[in-house]
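Please open the model in the viewer and follow the selections below in order. Each stop names what to select and then describes what is found there.

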Amino acid sequence: MKQKEEIRHKSTHLQSTVPVTGKEAAASSLSPSIQGTPEVVSAAGKPRVRKSSQKACSSTMVKATPSSKPEEGSSSPKQGPSTPQAPSTSQAPPDPESPLSDALNQKMAELVQFLSAKYVTKEPITEAEMLESVLKEHKGHFPVIFRKACECMEIVFGIEVKEGDPINRSYVLVRTLDLTYDGLLSDDLGMPKTGLLILILGVIFVEGNRASEKRIWEVLKKIGVRAGRKDFIYGEPRKLITKDFVQEKYLEYRQVPNSNPPRYEFLWGPRAHSETSKMKVLQFFAKVSGTDPTSFPSWYEEALRDERERAQARVAATNDSGGKASESSSVPLGSFSCPE
């Protein structure tokens with residue numbers, strides 16, 4: 001029960017975590033970010049976000065409303081294909097835009113716990129299994145509970161729920177943003193920690209590509225994560241952030257030059273730059289806040305510059321490798337000798 005409450009608590013407060021800097025006042029709707037509610041996974045395998053559904057995945061999340069709207073004229077994500085339907089039942093399905101009742105919130109937390117366990121054991125999952133194991137008495141509420149559970153999986157654990165087989169309604173659980181690390185131990189103990197990593201990468205990006213250690217802990221405090229206090233999902237947070245994420249090369253943790261007393265800051269590490277991008281991180285937070293990356297002009301422009309630089313680097317690398325291959329294949333005629 002404690003774990004379920006902790007999941008609900010984190011998913012609640014993660015809705016209001018991503019900070020806004022003075023550089024991007026117009027983007028203050030990212031401040032209460034991670035607000036959107038992904039639809040049930042579409043046939044294309046990607047959760048959709050309804051711009052109007054800036055509700056939380058529990059009733060208390062409704063408090064975390066945006067402090068301002070995106071700029072006029074900004075676009076919003078389009079609706080995808082229709083979502084899987086729950087089995088027919090005499091129960092009238094709830095309004096998907098209304099907050100979940102306490103009972104359904106409890107079921108949502110149970111489903112999140114069920115899904116996270118399936119991710120750890122690498123087992124496939126079907127709609128029938130979810131209904132039988134968790135939602136047997138709430139089949140008519142499956143679409144809204146599943147939708148919000150998908151949101152919480154992505155926010156808290158950094159795990160995306162994708163439809164694998166639309167005929168059998170089976171699903172697969174994958175790490176989001178193309179990251180290859182989830183923080184699980186080799187013996188599959190623990191829970192995925194990708195969500196915390198994504199949050200920190202986002203904070204670093206919006207803080208100008210470097211974030212002070214003080215700022216990171218201010219943000220994490222909002223979701224109940226504090227240095228020196230063991231967390232049931234993230235373990236000992238200071239070790240995870242300053243040691244594990246650093247050793248895995250997702251973060252750089254260094255002393256601020258000429259700081260006295262010493263102060264420290266975080267930057268993206270080489271593995272973060274290699275596996276994901278500023279645009280993917282911005283798209284993630286825009287998606288879950290029910291808006292579009294272009295609603296945040298300066299961040300979007302920076303992400304575009306980063307994409308162009310990446311493309312140019314790839315072209316240069318391809319040209320270099322092609323040139324070397326040509327040189328190695330060009331052998332002087334005099335190097336061959338004919339038998340006498």
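Select helix H7, residues 237-247, in this predicted model. Helix H7 lies across strands S5 and S6, and its direction makes an angle of about 110 degrees with S5.

Next, display the strands beneath this helix. S5 and S6 belong to an open sheet of three strands, in the order S4-S6-S5, and the pairing is antiparallel. Which strands form the edges? They are S4 (211-212) and S5 (251-255), each of which pairs on one side only.

Now restrict the selection to S4 and S6, the latter covering residues 264-268. Two bridges join S4 and S6 in the antiparallel sense. Within this region, select Ser212 and locate Glu265 of S6, which stands opposite Ser212.

Keep the sheet visible and add helix H5, residues 194-206. H5 lies across S4, S5 and S6, and runs at about 100 degrees to S6.

From H5, proceed to helix H4, residues 142-157. At what angle do H4 and H5 pack? The angle is about 70 degrees, and the axes are 5 Å apart. Angles of 65 to 115 degrees count as roughly perpendicular, and H4 and H5 are therefore roughly perpendicular to each other.

Finally, select the residues that form this helix contact. H4 contributes Ile155, Val156 and Phe157, while H5 contributes Thr194, Gly195 and Leu196. Colouring the contact of H4 with H5 by residue class gives four nonpolar residues, two polar and no charged.

Technical notes. Residues numbered from 1 in each chain as written. Predicted model: local features only at pLDDT ≥ 70, side-chain atom pairs only at ≥ 80, totals over all residues. Heavy atoms only, no water. Axes fitted to C-alpha atoms, helices over the stretch in contact; angles between N-to-C directions. Helix = DSSP H or I, 4+ residues; strand = E, 2+ residues; numbered from the N terminus. Parallel < 35°, antiparallel > 145°, perpendicular 65-115°, else oblique. Contact = heavy atoms within 4.5 Å. Nonpolar A, V, L, I, M, F, W, Y, C, P; charged D, E, K, R; others polar. Pairing = 2+ DSSP bridges.
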